[in-house]
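Please open the structure in your viewer and keep the selection tool at hand. The tour below goes from stop to stop, saying at each one what to select and what is there.

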Amino acid sequence: MGTTMRDHSLINDSDHLLVGLSGGKDSMILLKALAERKGAVPFEFSLTAAHIEATGIGYKIDREKLTTFCNNLEIPLHYRTIEPDLDKDPSKPACFICSWHRRKELFNLTKELNCNKLALGHHRNDAVETLLMNMIYHGSISSLPYSLEMFEGRVQLIRPLMDLDERMLEEYARLNDLVKVEKSCPHEDRTRRKNITQLIKEVEKLHGKGPYNMFKSMDKIFEEYLPK
């Protein structure tokens with residue numbers, strides 16, 4: 001993660017990072033690693049965590065465990081509650097609607113707390129899944145960038161875990177006793193992303209480095225050999 005942050009200049013002196021903390025392993029590892037990183041870099045930056053709790057959809061969070069986790073890292077944690085309307089647009093998956101509203105609230109918090117960067121726990125598998133979803137369902141080639149300036153440069157969205165395979169994160173969570181504090185959502189098995197995850201597993205059966213090569217291909221595009 002340190003190499004990724006260095007190569008893509010994700011964190012700089014005097015930055016104030018808001019970390020989106022879902023309660024799953026990825027965001028918890030991100031926050032823990034960033035807290036450790038503070039003592040390893042030759043400059044100062046600040047960390048704040050935020051959890052956006054969605055009500056009315058059957059999802060729950062163990063607030064006590066999440067709060068204890070942040071207290072042990074000496075990082076302030078902010079809670080916000082939203083109630084997304086899943087029936088407003090039936091054509092959109094519940095997870096998409098919930099995620100969109102959560103992200104919107106995180107951006108609101110960056111302004112309220114004067115944070116210039118928002119750190120999210122997406123990893124390499126997320127990027128490959130997003131690439132395939134956009135190709136299959138939207139007919140476009142796009143994915144998750146390492147960093148992206150938002151709102152005319154007011155805040156920069158960063159993804160420090162982007163170069164890590166999910167299995168590495170699972171192993172890290174096991175070795176560090178990072179227990180998921182976000183209880184399963186009743187909608188999580190109904191998403192398109194679940195189907196894409198299975199598709200990537202099939203790709204890996206065809207070629208062990210297939211998913212990794214798909215990730216790297218986004219940085220190796222030969223436009224002259226594309227039908228456009």
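Two strands pair if DSSP finds at least two bridges between them; helices (H or I, at least four residues) and strands (E, at least two) are DSSP runs, numbered from the N terminus. This is a predicted model, in which local features need pLDDT of at least 70 and side-chain atom pairs count only at pLDDT 80 or more, while totals for chains, interfaces and linings use all residues. Residues are numbered from 1 along each chain as its sequence is written, and side-chain values use heavy atoms, with hydrogens and water left out.

**The sheet**

Select S5 (147-150) together with S6 (residues 155-158), and you will find two antiparallel strands joined by four bridges. Within this pair, Glu149 has Gln156 of S6 as its bridge partner. The two strands form a hairpin with four residues between them, and in the turn Phe151 has a positive phi of about 55°.

Now widen the selection to the whole sheet, which is open and made of six strands in the order S3-S2-S1-S4-S6-S5, with mixed pairing. Strand S3 (77-82) and strand S5 stand at the edges with a single partner strand each, so one side of each is left without a neighbour in the sheet. On average, neighbouring strands are turned by 25° against each other, direction ignored; axes here are lines fitted to C-alpha atoms, for helices over the stretch in contact, and angles in general run from 0 to 180 degrees between N-to-C directions.

Next, select S1 (residues 16-20) and S2 (residues 46-54), which run parallel and are joined by five bridges. Gly20 is a good residue to label, its bridge partner in S2 being Ala50.

**Helices over the sheet**

Add helix H2 (residues 25-37), which lies across S1, S2 and strand S4 (117-119) and runs at about 155° to S1. Helix H3 (residues 63-73) lies across S2 and S3, running at about 150° to S3.

Then bring in helix H6 (residues 166-175), whose axis comes within 10 Å of that of H2 and crosses it at roughly 75°. H2 and H6 are therefore roughly perpendicular to each other, a term that covers angles of 65 to 115 degrees. Their contact (heavy atoms within 4.5 Å) involves Lys25, Asp26, Ile29, Lys32 and Glu36 of H2, and Glu166, Leu169, Glu170, Tyr172 and Ala173 of H6.

**The cores**

Which residues have the most contacts inside the largest nonpolar core? Select Ile11, Leu17, Leu18, Leu21, Leu31 and Leu34, which hold that place in a core of 47 residues. A nonpolar core is a set of buried Ala, Val, Leu, Ile, Met, Phe, Trp, Tyr and Cys residues joined through side-chain atoms within 4.5 Å, where buried means under 20% relative accessible area (1.4 Å probe, protein chains only). Leaving aside residues up to four places away in sequence, Leu17 touches residues including Ile11, Leu34, Phe45, Cys115 and Ile158. Apart from the largest core lies another, of 10 residues, among them Ala127, Val128, Met162 and Ile200.

**Helix H5**

For the last stop, select helix H5 (residues 124-138) and helix H7 (residues 192-206), whose axes come within 10 Å and cross at roughly 110°. That makes H5 roughly perpendicular to H7.

Is Leu131, a residue of H5, buried or exposed? Leu131 is buried, with a relative accessible area of 6%. Beyond four places away in sequence, Leu131 touches Ile141, Ser142, Ser143, Met214 and Met218.

Key
Angles under 35 degrees count as roughly parallel, over 145 as roughly antiparallel, 65 to 115 as roughly perpendicular and the rest as oblique. Buried means under 20% relative accessible area, exposed over 50%, partly exposed in between (1.4 Å probe, protein chains only).
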